[in-house]
Structure formats: C-alpha cells, structure tokens
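Work through the exercises below with the structure in view. Try each task before reading its solution.

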Protein chains: 4
Amino acid sequence: MNCHSYFRIFLGGDIVVKKDKPKYKQIIDAAVIVIAENGYHQAQVSKIAKQAGVADGTIYLYFKNKEDILISVFQEKMGVFVSKLEEIISRDLSAPTKMGLMIESHFELLAGDTHLAIVTQLELRQSNHEIRLKINNVLREYLKLMDEILVKGIEDGEFDRTMDIRLARQMVFGTMDETITTWVMNDHKYDLVELAPQVQRLLLKGMQA
Amino acid sequence: MNCHSYFRIFLGGDIVVKKDKPKYKQIIDAAVIVIAENGYHQAQVSKIAKQAGVADGTIYLYFKNKEDILISVFQEKMGVFVSKLEEIISRDLSAPTKMGLMIESHFELLAGDTHLAIVTQLELRQSNHEIRLKINNVLREYLKLMDEILVKGIEDGEFDRTMDIRLARQMVFGTMDETITTWVMNDHKYDLVELAPQVQRLLLKGMQA
Amino acid sequence: MNCHSYFRIFLGGDIVVKKDKPKYKQIIDAAVIVIAENGYHQAQVSKIAKQAGVADGTIYLYFKNKEDILISVFQEKMGVFVSKLEEIISRDLSAPTKMGLMIESHFELLAGDTHLAIVTQLELRQSNHEIRLKINNVLREYLKLMDEILVKGIEDGEFDRTMDIRLARQMVFGTMDETITTWVMNDHKYDLVELAPQVQRLLLKGMQA
Amino acid sequence: MNCHSYFRIFLGGDIVVKKDKPKYKQIIDAAVIVIAENGYHQAQVSKIAKQAGVADGTIYLYFKNKEDILISVFQEKMGVFVSKLEEIISRDLSAPTKMGLMIESHFELLAGDTHLAIVTQLELRQSNHEIRLKINNVLREYLKLMDEILVKGIEDGEFDRTMDIRLARQMVFGTMDETITTWVMNDHKYDLVELAPQVQRLLLKGMQA
DNA sequence: AATGAATGAGTTTTCATTCAT
DNA sequence: AATGAATGAAAACTCATTCAT
C-alpha cells in the first residue's frame, strides 16, 4: 500500500479514484451551470444530472451526497485559484507586486467565468452551516498563501511590521470579496479587472511600511 | 389624522400600525434567538412562535409571511446601526474620526449581541435571492451614510481625492464584514471590539490623502 | 310555556328570537353578497362580518357557527319561494296553470337577484355533505308543494295518471335547476324569464294525460 | 414516432405517456374509493396513496397535483360514458330509441359503480370553481353527443321541431341528474335502472313531434 | 350587546437518496 | 457501470371560534 492508496482510503474510499474519470468533471461543471442559472435552492440533483447528461443515480457513483457535490465544486474550482497563486508566489517578485498580481489574477479568473462567479459569490453562500464550514476549510489553503505574501512583505520591510497579519489578510480578502460580490450583483455590467489596480493601490497603501 | 397616521395607512395597511404593539418586537426578538440557536433552515415559524410565547397564528397578525419576519428582523436591527451612524455623522468631527467611531460602534453593537451577530453574519445569508435583495435594500441606507463620511473626508482634504469612493466603501465594509464574520465563525472566542483600532488604522491609512 | 317557547327551545335556544333583530337579516344578506362575489371557499366569517358591518364575534351572537349561517341563508331565501308557491297553489287555477306560474315565478325570483342565483346554483353546492343534507331538508318543503300540484293534476285528469309522481317532480325540478344553473354559468347573459314558457311547454307535454 | 406519440409530447410532456402505466389507473381507482368513502374534503392525497398502495410521492410522478387527480378521475370515468354513447349513436336506430338507450346505459353505468355515483353526483361538486370549470369542459363532450340525437330526432320528424334544442337537452340532462342524485342521496336503496323506462317515457313524451 | 385579538389544528408537495434491473 | 422509478419525511399558513373587556 503506497502513499496514494493511503489517501484514497483516508479521503473516502473508492470515490477518490473517480475524480479522474470524465463524468466526475462533467457533473462538477453541470453543477456550476445549474446553480448559476437556477439558484442554489433550485439546483436539484435531478437537474444537475440532466445537465450532465447522466441518470440521477449515476451522481451517487461519483459523489457521496449532494453536499459532496457542492463542496467538490468549490474544491475543484478553488484549486485553480490556489495553483495560480502558488505560481505567483514562486516567482522572484516583491511582496507588493505579488499581492497586486494575486488581486489581478483573482479578478481575472472570476471575470472569465461569470457562472462560477455567481456560484461562489452568491449561491454557495446560501448553503447551510455545515457546508460552509467545509468550504471554509478549502478556502483556508488559499488564505494561507496570502499570509505567506504578507509575512514576506513584513520581513522585506515593505509592509508595516506592526500590523496584525490576520487582520491585514481579512482586509485584503474582505475587500476583494466585497468588490467582486458587488460586481456580480450588478450583473457584471462593468469591467471587474479594470478595478484591480485601484483596489491594489488602496490595499497596499494601507499595509505599506 | 396627523401626518404619521397618514403614512401608516399609506405604507401598507393594517400591519404597519402593529409595529408599535409589544408582540411585534417580542416576535422579532424571538426570531433572532431561534435563528441564532437553530440555524436559518431550522428556524420554523412554530419555533419562533413558541419562543415568543404566542400561538403560531398570532405571528400572521403581525407579519405577512415568514419572509416578512426575516426582513423585519434585519430592518429593525439595522435601524439601530443606522441611528447610531447618523448620530456620529451629525457630530462636529473629522471624517477619519467619524470613520473610526463608526467601526468601533459597529463592532460594539454586534459584540454586545452575539445572537444578532450570528444571524446577520451567517444565518440570514442563507436566505434566498428575493429575501437577500430586500435585505440589501435595507443595507443600502447604511452604506449611503458611509459614503457621506468618505465624501466629507475628500472634501476636507483628509482622504485621497483620487480614490474611487465606491471602492473605498467596499473596502471599508468588506473588511469590517470579513473581520466580524471570522470572529463569529471562531465562536466569539476573542474580543472583537479590541480589534477596532487596528482595523481603523489599516483602513484609514489606505484612504488618507 | 306556550307553543312558541317550545319551538324556541327545540330549535336552538335563545338564537331563534334573534331572527327578528335587524342584525340577523343584515348578516344573512352580507353572506349572500360575500359568497356570490368571492365564492364559497373564499367566504370567510370575517369577510361576512365586515360586509355586515359587525365584528367577527357578533356573528356568533346570532348564529351557532358558520354552517348555521349558510343553512339560514338558504332557509330565509327559500322561504320566499315557498310563500310564493303557496300563494299560487291557493288560487283557483288548473294544475298545468299552477305549474306554469311556479316555473315563471321561480325564474323571476332568481333573475331578480343574481347574487342569490349564484349562491344557490353554484356556491352553496360546494358545501360539504352535512350542510347539503340540511339544505335538502329545507328544500323538501318546496318539493312537497310541487307534489301537491302534481297530485291535483292527476286527480283532475290533466296529468298522466300512470306517471310516477316522484319522477315527474324530479323532472320538473331537475329541468328548472339545470336551466337556471346553465344561465348562471353563462353569466346571466340572456333573459332567463323569457325561457319559462318553453320550459313549461316541454314539461307539461311530458306530463299531460 | 407515429401520430400518437407526437400528440403525447404535444399534449403535456412526461405525464401523458404515463396514462398507460398500471399505477395511473391504480391511483384513479383509489381516488374514487377514497373520495366516495371519506367525502371530498377528507380525501387527502396520503389516503389516496395508501389506498393505491403507493407512496405519497409516487402520486406526483403520475399527476401534476391533487387537482389533476380529481379532473383525471372525471375524465377517465366520463370517457366510458362518452364511448358508450358514441357506440349507441353510431347504430342505425331512431332518435327516441337512441335517447332511451342513452338513459338506460347512463343509469346502468352508475348503478354498477356506486362509488363512482357518489363521487360524480355528490362529492366532486364540492370542488372549487376552477376544478368545476375543467370538469364542465369534459362534460361538454357528452352533452354535444346528446345534442346530436336531438338534432337527428328533429330532422327525422320524430321530435318537436319547434322545441329549443338547448332547453330540451337541459331537460334531459337535468332530469337524469336529479334522478340519479336523489337515488344516491337515498343510499341507492332502490333500483335506479328500473326507473329508466319511466324517465324515458316522460322525457320522450315531452319532446315528441 | 358588541368587540376583535388570539388561538392552534391540519395537508399538500418537494426532492435527496435507494436499489432492482 | 448505469439507470430512473419509487420512496416518505417535513413545514408554512388559514380561518372558525372563543372570551376578556
């Protein structure tokens, strides 16, 4: 039994290996579309199955239950944000530059997929306590990467050494989140990415040494 | 018939005048407690009635339907925030000071009523589109007052005249919201009000001229 | 204790004496209007009270319960039909003539009060079994008078002596009822009374000796 | 895809094709029994499901809602009356004979299914306006066939050419309906079919040339 | 006599999940 | 692996009636 099979068992048995199969992603994508177009509370499993072109029962071969679909949607999509941010952090850039790139890339990813933006900013937040706790666990990975940038900025003397890192991160994330949500609630009628530089400037000025 | 009674009739018939009756507030307060303790989706009308010490049917003498209860909860409670902010704005203080007082008072109000904090930060966000739109209309009044402070700060030359007011407001509100939500999700295990000065400092530095 | 007080006790205590008071008829008339305009299932006691210009509770000073209102409506209104028919029967006329006058007078009474026509032909029939049984008891008095005409017609040799009186009466009543109901369902858009002579002719021909 | 399957899709999607499945008729029959035995207002969906031997939810795989069950009951059962009448009309008989057969067959069908007689004569009439309008639409087909007999009778010189066809039909239907309802309200304690010849004689005499 | 605020019982429908095929 | 018919639990709202004033 190797490292992988250990994780397979740990993470929920034989379902994990199915993440590679085409129908897994098919269902995830169907869920995003159905939730975005019908709203969280009108996104029945049967609708997702229909959109994915599979039978209702088939869903349960790939996901434990409906909650599992929703969390997986967030996990899979958030993975792209994490990868992108990891790539930015790995580059040899100053912390403020990294922060700026993060904001820009975060905005770009959501501006490029309005269905996803609706789902993450509005619909998924209607889910119950339990699901939101699990979603927050997924989000935590992303927030940790943000913290890395902040720590580096302080170490490099570019960010205010007296600021509370947790609060700073809450400001950065809260501001981005509010900006994006407002954009989504206004039906994406203006260009989100264009706002990135001004958001950067406001945030970086607040944090600078 | 004076001006007020005219408006009472104009604004929606029989139910409006009942806002003054004791059972109206009794039910609102019961709703906050039941939602906070049971979660949005487990806050049945019968539970709220029981907590309020009235019969199920009595609820419908004071509220059109369940949705009306939820919106009224937000309206009534948000009213306190708005009054407080109006009072702060009316004082002869600098914009940064007003901003600081606003943050402090916002934190204080929620720290002083953890049930309400749970309801506004977590539970009420699980409501459907329609209810959230109505809640946002109520919130808008509060955001407009925030804008007044920002405008005054710019006019007085205390805030950066080149910043976008809407973005600045989204930063302020987003940061406060994220800070409070994190505090609620951590079961209020630290002192929210103590964080206010640091939050102020971060935000004001970002906006200063 | 005289004959009247006997009936008072027998028929339901002190409510009977209230039939003479103005509010009794006021409520009966309100019920007819409310039922005709809102439909049987939308004729709530509170609506009837409002239409009658009394408080909900007042209804219960004059009627035992809602069912009692409905039966009383039928009773009071049917009384007019019975009186009219009694008057016709008392006259010195042939059975076919009496039958013709009955049909004409029945049509006239309903054509002159379309609210009442809607209530008796459509709405009151939506009432439950129990109420309809009681309504039928009231109706029976009217049907008995019809039978008197039929018996006289047979005795006088004007009606077919071999016909079953009960069936003949069911034909007469069924035909009138169906004719009137069709007229009501067509929104009274043609003149009901004008149809009376043809209805008479059809029915009398069927019954003639 | 033949003509029929085209119409199936056109006429209302998935549910129409289910009319052929055994559970559809099972539920219809259960509804008749439950309504006859419990009364219209005590015929809960759960009772019908139990009687049909299916789960409550299964009902909704075959019917849009409760109203749809009730209308379908009338439609399916009335279909038998219509077919029978069509068969009678298609035969090479005189109009009076056809009329007689119609009355006889109508009485026989209801005398042979007292549950159905209770449902159509008493219980279904308690339904609300909307349902009754839909029921009347179904009934109209039957009444049109009656008219055909009347028209033929007049053309053949067997029925009075001066009579109003609509009134004659109202007499025929009203008489049959009243006769059957009286029989049902008397708990079927006498033989309905035995009455048919006398009803025929009365009606035909009224209409004859 | 009159009021009207308060009561609380009762039912349709949805939809996540299962399991025989 | 895939299907989809069947399941059954769960909750908002109405309105006839009461009774303290």
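The exercises that follow treat a predicted model, going from the two domains of a chain to the pairing of chains.

**Exercise 1. Find the domains of chain A and say how far apart their centres lie.**

Step 1. Look up the domain assignment. Domain 1 of chain A covers 1–64, and domain 2 covers 67–209.

Step 2. Take the centres over C-alpha atoms. The centres of domain 1 and domain 2 of chain A are separated by 25 Å.

**Exercise 2. Describe the contact between domain 1 and domain 2 of chain A: how many residues touch, and how much area is buried?**

Step 1. Count the residues. In domain 1 of chain A, 18 residues are in contact with 18 residues of domain 2 of chain A.

Step 2. Add the area. About 1500 Å² is buried between domain 1 and domain 2 of chain A, and carbon and sulfur atoms give 70% of it.

Step 3. Pick out the top three contributors on the domain 1 side. A:Val32, A:Ile35 and A:Tyr40 supply 37% of the area that domain 1 of chain A buries against domain 2 of chain A. No other three residues supply more.

**Exercise 3. Which polar links cross this domain interface, and which helices of domain 1 of chain A take part?**

Step 1. Count the salt bridges. Two are found across the interface of domain 1 and domain 2 of chain A.

Step 2. Locate one salt bridge in chain A. The side chains of A:Lys25 and A:Glu76 form it, at 3.1 Å from N to O. This passes the cut-off, because a salt bridge needs such atoms within 4 Å.

Step 3. Count the polar contacts. Seven residue pairs are in polar contact across the interface of domain 1 and domain 2 of chain A (both at pLDDT 80 or more).

Step 4. Assign the touching side of domain 1 to helices. In chain A, α2 (22–38) and α4 (56–62) each supply at least two residues to it. α2(A) gives the most, with ten residues.

Step 5. Sort that side of domain 1 of chain A by class. It has eleven nonpolar, two polar and five charged residues.

**Exercise 4. How is chain D related to chain C?**

Step 1. Superpose the copies. A turn of 179° and a shift of 0.2 Å along the axis lay chain D on chain C, with an RMSD of 0.2 Å.

Step 2. Draw the conclusion. The two copies are therefore related as by a two-fold rotation axis.

Step 3. Compare the surfaces. Of the contact residues of chain D, 97% recur in chain C, and the same surface serves both copies.

**Exercise 5. Describe the interface of chain D and chain C: what is its area, and what holds for its contacts?**

Step 1. Begin with contacts and area. 39 residues of chain D are in contact with 38 residues of chain C. The buried area is about 3300 Å², of which carbon and sulfur atoms give 55%.

Step 2. Name the top three on the chain D side. D:Leu167, D:Leu202 and D:Lys205 supply 20% of the area that chain D buries against chain C, more than any other three residues.

Step 3. Turn to charge. Four salt bridges are counted between chain D and chain C. In a salt bridge of C:Asp160 with D:Lys205, the closest N and O atoms are 3.7 Å apart.

Step 4. Count the polar contacts. Twelve residue pairs are in polar contact between chain D and chain C (both at pLDDT 80 or more).

Step 5. Find the leading helix. α10(D) gives the most to the side of chain D that touches chain C, with twelve residues.

Step 6. Sort by class. The side of chain D that touches chain C has 14 nonpolar, 16 polar and nine charged residues.

Key: Residues are numbered from 1 along each chain as its sequence is written. Chains are lettered from A and ligands numbered from 1 in the order in which they are written. Side-chain values use heavy atoms; hydrogens and water are left out. Copies are superposed by least squares on the C-alpha atoms of residues with pLDDT of at least 70 in both. Contact means heavy atoms within 4.5 Å. Domain bounds come from an automatic or database domain assignment. Buried area is the accessible area (1.4 Å probe) that two parts lose on being put together, summed over both. A polar contact is a pair of N or O atoms within 3.5 Å; within protein, one must be able to donate a hydrogen and the other to accept it, and residues adjacent in sequence count only if both atoms are side-chain atoms. Helices (H or I, at least four residues) and strands (E, at least two) are DSSP runs, numbered from the N terminus. Ala, Val, Leu, Ile, Met, Phe, Trp, Tyr, Cys and Pro count as nonpolar, Asp, Glu, Lys and Arg as charged, and the others, Gly among them, as polar.
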